[in-house]
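Reader: I would like to learn how to read a model of this kind, one feature at a time. Could you give me the general idea behind each feature before turning to the case at hand?

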Amino acid sequence: MTKALFYDPARTFEDNYANGPFNMDQKDYRDETVEPKFHFLGFPIQSPFGIAAGSLPTSRHTNAAFKLGYDVVVYKTQRSGEFPSNAFPNVLPIDVKGDITLERLKKPFVVRSNFPKNLRELSITNSFGVPSYGPSVWQDDLTHAIAGVGAGQLLIMSVVGTIREGMTPSEYYEDFALAAREAKESGAQVIEVNLSCPNVASEGVICYSIDAVYEICKLTKEAIGDTPLVIKVGYYAPEQQDLLERIVEKVSPYIGAISSINTLAGEIVKEDGTQALPGKGRLRSGICGAGITWAGLDMVRRLDTLRREKGYTYEIIGVGGVMSPIEFHEYRKAGANLVQSVTGAMWNQYLAQDVKASL
Ligand SMILES: Cc1cc2nc3c(=O)[nH]c(=O)nc-3n(C[C@H](O)[C@H](O)[C@H](O)COP(=O)(O)O)c2cc1C
C-alpha cells in the first residue's frame, strides 16, 4: 500500500502545494462526531489534539486533516504579499539519538540518507522560509478551509510579517497586523502570529525581542478585535526565564493562547562537513521531531507555572516532538490545553485516531 502523506518531503514545496495531500483514502475518513467534551479559547472541540503550522499549506490539506480526526489544525503560515520558498530540499532527516539538548545544539548535525522507521528516532530539519502566494491566493483558499471545519473542530490561521527593503521596524510590525486583518476578513476564527521562524535570514527570530513582540501583539489585536490571538514562540533557555516572564506580562492583555515551541536551530551538514541545504543563510536550520520533545514539555511546564503564579488566563498549545499518544499525554500533564504535532503527523497520518483511542 502506498503511504498516505500530508506533505511529501521528496517533492518540492510547489508540487506539494499544487498536488497534495497524497494517497489519502476516503475509507480512513471519520465522519462520526462525538459530543465535544473539550474547549479551546471558548470553542467546543472534540479532542484537544491537532496539527501545528507547517504540513497543511492549502484547504485540501486542512480538509483531509479534519476528516482524519485532527480537531484543531493550523493553516500553514501566510504573508501579506508573495514570497518564494527556499530551494529544494526543504525537509531532511538528521542523524541523532535521544534528546537534542542545548549542549548538543552547539555541534553540527549530519543528515541521514533515509528517514528512520521508528518515529522515536525521527528528528528532521525543515527549511522553507515561510513561502506565500500572497493574499490574492490564500484568502480565497482560506474560505474553503473554513468551510471544511466539522462540528467540534477549529481552524487556526497562522500569519507572519515580511521585511521589505527600506521598511522601518514599525512598518514591519504593522505588516503582521495587515496579514492578520486579511485573515480575519476571510473568516478566520483564531489567528496565530508566527514569532519564531528560524529559517528566514533577513527577519530573524523575533520572539526574543520584548519591543517587537509587544508592538506586534498590540497592533495585531487592534486589527482583529475580538478574534482570539495566539502567539507562536520558540524555546527560551533557563537563563532567558526573566525575558520570557517580562514578555508574557506585557502581552498577556492581548493574547488568548501561547503556542510553544517552534523548532530549535542547529547547523546541518553533510557527512563531509559541508552545508547540507542549498543556498545562502541555510547552514543553520530549524530542527523538530522526537529530539525536541523535552524542550516543548519544559516550556509548557514553565508557562503553566507562570500562569498559576500570576493568574494569567492564556491557554497553552504544547508543540514539539509529539510522535505518539505517549507524548500527547505528557503534554497534557505538563499543563497544555491543546497539543499539536507536525513531524509525528507527517509520518503517521493516523496519529489523531491513535490519540483519540487513548483518551
Ligand atoms: C514541514 C514543516 C513546516 C513548518 N512550517 C511552519 C510554519 O509555516 N509556521 C510555523 O509557525 N511553524 C512551522 N513549522 C514548525 C512546527 O509548527 C512546529 O512548531 C515544530 O515542527 C515542532 O513540532 P514537531 O516536532 O511536531 O514537528 C514547520 C514544521 C515542519 C516540520
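Author: Let us begin with the classes of residue: Ala, Val, Leu, Ile, Met, Phe, Trp, Tyr, Cys and Pro count as nonpolar, Asp, Glu, Lys and Arg as charged, and the others, Gly among them, as polar. Please keep in mind throughout that this is a predicted model.

Reader: With those classes in hand, how many residues of each class does the lining of the largest cavity have?

Author: The lining of the largest cavity has 16 nonpolar, 17 polar and three charged residues. It is made up of 36 residues, and those nearest the centre of the cavity are Ala-53, Gly-54, Asn-126, Asn-262 and Thr-263. The space in this largest cavity comes to about 460 Å³, and the structure holds three cavities of 30 Å³ or more.

Reader: Which helix or strand gives the most to the lining of the largest cavity?

Author: That is α9, with three residues. At least two residues of the lining are supplied by each of β4 (72–78), β8 (123–126), β11 (190–194), β15 (284–289), β17 (338–341) and α9 (343–347).

Reader: Let me take β17 from that list. How should I read the two faces of a strand, and which residues of β17 lie on each side?

Author: The general idea is that in a regular strand the side chains alternate between the two faces of the sheet. In β17, Leu-338 and Gln-340 are on one side, Val-339 and Ser-341 are on the other, and all of these are buried, so that both faces of the strand are covered.

Reader: Which strand does β3 (residues 49–51) join, and how many bridges are there?

Author: Strand β3 runs parallel to β17 and is joined to it by three bridges, with Gly-50 standing opposite Gln-340. Strand β16 (residues 315–319) is also parallel to β17 and also joined to it by three bridges, and here Val-319 is the residue that stands opposite Gln-340. Between β16 and β17 the chain crosses through helix α8 (residues 325–334), and this β-α-β crossover is right-handed.

Reader: In what order do the strands of the five-stranded open sheet lie?

Author: The order is β6-β8-β15-β14-β7, and the pairing in this open sheet is mixed. Its edge strands, β6 (91–93) and β7 (109–110), each pair on one side only. Within the sheet, β8 and β15 run antiparallel and are joined by four bridges, and Thr-125 stands opposite Ile-287 in β15.

Reader: Where is Gln-275 found, and is this residue buried, exposed or partly exposed?

Author: Gln-275 is found in the loop between β14 (264–269) and β15. Because partly exposed covers the range between under 20% and over 50% relative accessible area, Gln-275, at 31%, is partly exposed. Its C-alpha atom is separated by 9.5 Å from that of Val-110, although the two residues are 165 apart along the chain.

Reader: Let us turn to the buried interior. Which residues touch the most other members of the largest nonpolar core?

Author: A nonpolar core is a set of buried residues of the kinds Ala, Val, Leu, Ile, Met, Phe, Trp, Tyr and Cys, joined through side-chain atoms within 4.5 Å. The largest one here has 106 residues, and those that touch the most other members are Phe-6, Phe-49, Tyr-70, Leu-142, Leu-195, Ile-231 and Tyr-314. Helix α5 (residues 210–224) gives the most to this core, with nine residues. Another core, of 16 residues, lies apart from it, and includes Phe-40, Ile-45, Ile-156 and Val-230.

Reader: What should I look for in the backbone itself, and which peptide bonds are cis?

Author: The peptide bond from Gly-20 to Pro-21 is cis, with omega near -5 degrees, and Pro-21 is found in the loop between α1 (13–19) and β1 (38–40). Ser-260 and Ile-261 are also joined by a cis peptide bond, with omega about 20 degrees, and Ile-261 lies in the loop between β13 (257–260) and β14.

Reader: Is Leu-41, with its positive phi, buried or exposed?

Author: Leu-41, whose phi is near 50 degrees, lies in the loop between β1 and β2 (43–45). Since buried means under 20% relative accessible area, Leu-41 is buried at 17%. Val-130 is not a glycine either, and has a positive phi of about 50 degrees. Its place is in the loop between β8 and β9 (132–133), and at 6% relative accessibility Val-130 counts as buried.

Notes. Residues are numbered from 1 along each chain as its sequence is written. This is a predicted model: local features need pLDDT of at least 70, side-chain atom pairs count only at pLDDT 80 or more; totals for chains, interfaces and linings use all residues. Side-chain values use heavy atoms; hydrogens and water are left out. Buried means under 20% relative accessible area, exposed over 50%, partly exposed in between (1.4 Å probe, protein chains only). On a 1 Å grid over the protein atoms alone, a cavity is a set of points where a 1.4 Å probe fits but cannot get out, and a pocket is an open set with protein on both sides within 12 Å along at least five of seven lines; lining residues have an atom within 4 Å of a point. Grid points are joined across faces, edges and corners, and a volume is the space filled by probe spheres set on the points. Two strands pair if DSSP finds at least two bridges between them. A crossover is right-handed if, with the strands pointing away from the viewer, the path from the first strand over the helix to the second runs clockwise.
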